[in-house]
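This short report looks at one molecular structure and the ligand that goes with it. Please keep the sequence and the 3D view open while reading.

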Amino acid sequence: MHITRGFTGRPRVDDPGLPPGQYDAGDDWPVLSAEVTPDLAPGDWTFRVDGLVAEPRTWDWDQAHRMPASAYQGAIHCVTGWSKFGVRFAGVSLDAFLDVVRPHGSATHAVAYAHTGYTANLPLADLTGGRAWIVWEYDGRPLAPEHGGPARLVVPHLYFWKSVKWIAGLRILDHEEPGFWERNGYHERGNPWDEQRYSGD
Ligand SMILES: Nc1nc2c(c(=O)[nH]1)N[C@H]1C(S)=C(S)[C@@H](COP(=O)(O)O)O[C@H]1N2
Ligand SMILES: [Mo]
């Protein structure tokens with residue numbers, strides 16, 4: 001079946017539209033990085049989950065790829081104003097990693113950190129329930145280095161600064177620990193539908 005482009009480019013499956021104050025970036029995918037893109041080969045990539053968990057664990061590239069595959073198709077929303085629809089990421093659901101390490105009952109938050117040192121604070125509830133992924137594919141191809149390849153976190157229902165590129169791990173906590181942008185005046189949760197851009201919003 002052939003359909004013209006503008007018509008097919010927006011799978012609306014779980015896309016309720018533009019959050020308040022956002023615009024549709026269309027085919028553009030801006031790069032937003034606080035740091036220089038690291039030279040990180042898949043063979044050097046690891047992903048660790050520790051902190052308040054029963055069994056802290058580190059996965060390398062091959063071990064992570066043996067986890068059950070999971071994909072996200074939908075929208076992403078950057079706090080600077082752009083949203084992008086119909087993105088396709090593939091990797092592994094964070095639920096699969098968390099099932100292995102088993103967070104303690106007292107766990108409430110996580111700090112996600114990159115191999116570069118960038119951090120983001122996330123409520124644990126936003127990382128479970130099939131709403132967060134470690135991904136290494138975009139549109140069926142390896143994730144580009146400037147977009148976080150070899151692997152990044154994707155938490156599409158929150159502003160995209162939470163989706164840590166070059167993801168290295170999660171530290172599971174029983175309290176909130178502000179990350180890079182949260183320390184610089186951005187909101188602790190960052191729900192685009194409530195326009196939680198800055199702390200106090
Ligand atoms: N390591 C790291 N992850 C990061 C960032 C960053 O600067 N460093 N920027 C965040 C912000 S503000 C956004 S909008 C998205 C941008 O992802 P992109 O460059 O693939 O569009 O990554 C998020 N994750
Ligand atoms: Mo952003």
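The text below covers confidence in the model first and the ligand site after that.

The model is predicted. Its chain has an average pLDDT of 93, and 93% of the residues reach a score of at least 70. Residues 1–13 are a stretch where pLDDT stays under 50. For residues 1–13 the model has 11 contacts beyond four places in sequence. Predicted coordinates should not be read in detail where pLDDT is low.

Which pocket does ligand 1 occupy? The space that ligand 1 takes up is the largest pocket. Around ligand 1 there are 19 residues, and P30, A34, H147, R152 and K165 come nearest. Sorted by class, this shell holds 13 nonpolar, 3 polar and 3 charged residues.

Polar contacts to oxygen atoms of ligand 1 are listed here.

| Residue | Part of the residue | Distance to an oxygen atom of ligand 1 |
|---|---|---|
| L32 | polar backbone atom | 2.9 Å |
| A34 | backbone N or O atom | 2.6 Å |
| H147 | N or O atom in the side chain | 2.6 Å |

On its own, ligand 1 has 530 Å² of accessible area, and the protein covers 98% of that area. A34 and H147 thus appear twice in this account: they are among the residues that come nearest to ligand 1, and each has an atom 2.6 Å from an oxygen atom of ligand 1.

Key: Residues are numbered from 1 along each chain as its sequence is written. Chains are lettered from A and ligands numbered from 1 in the order in which they are written. This is a predicted model: local features need pLDDT of at least 70, side-chain atom pairs count only at pLDDT 80 or more; totals for chains, interfaces and linings use all residues. Side-chain values use heavy atoms; hydrogens and water are left out. pLDDT is the predictor's confidence in each residue, from 0 to 100. Contact means heavy atoms within 4.5 Å. A residue is near a molecule or strand if one of its heavy atoms lies within 4 Å of it. A polar contact is a pair of N or O atoms within 3.5 Å; within protein, one must be able to donate a hydrogen and the other to accept it, and residues adjacent in sequence count only if both atoms are side-chain atoms. Accessible areas come from the Shrake-Rupley method with a 1.4 Å probe; for residues, only the protein chains shown count as cover. On a 1 Å grid over the protein atoms alone, a cavity is a set of points where a 1.4 Å probe fits but cannot get out, and a pocket is an open set with protein on both sides within 12 Å along at least five of seven lines; lining residues have an atom within 4 Å of a point. A molecule sits in a cavity or pocket if more than half of its atoms lie within 2 Å of its grid points. Ala, Val, Leu, Ile, Met, Phe, Trp, Tyr, Cys and Pro count as nonpolar, Asp, Glu, Lys and Arg as charged, and the others, Gly among them, as polar.
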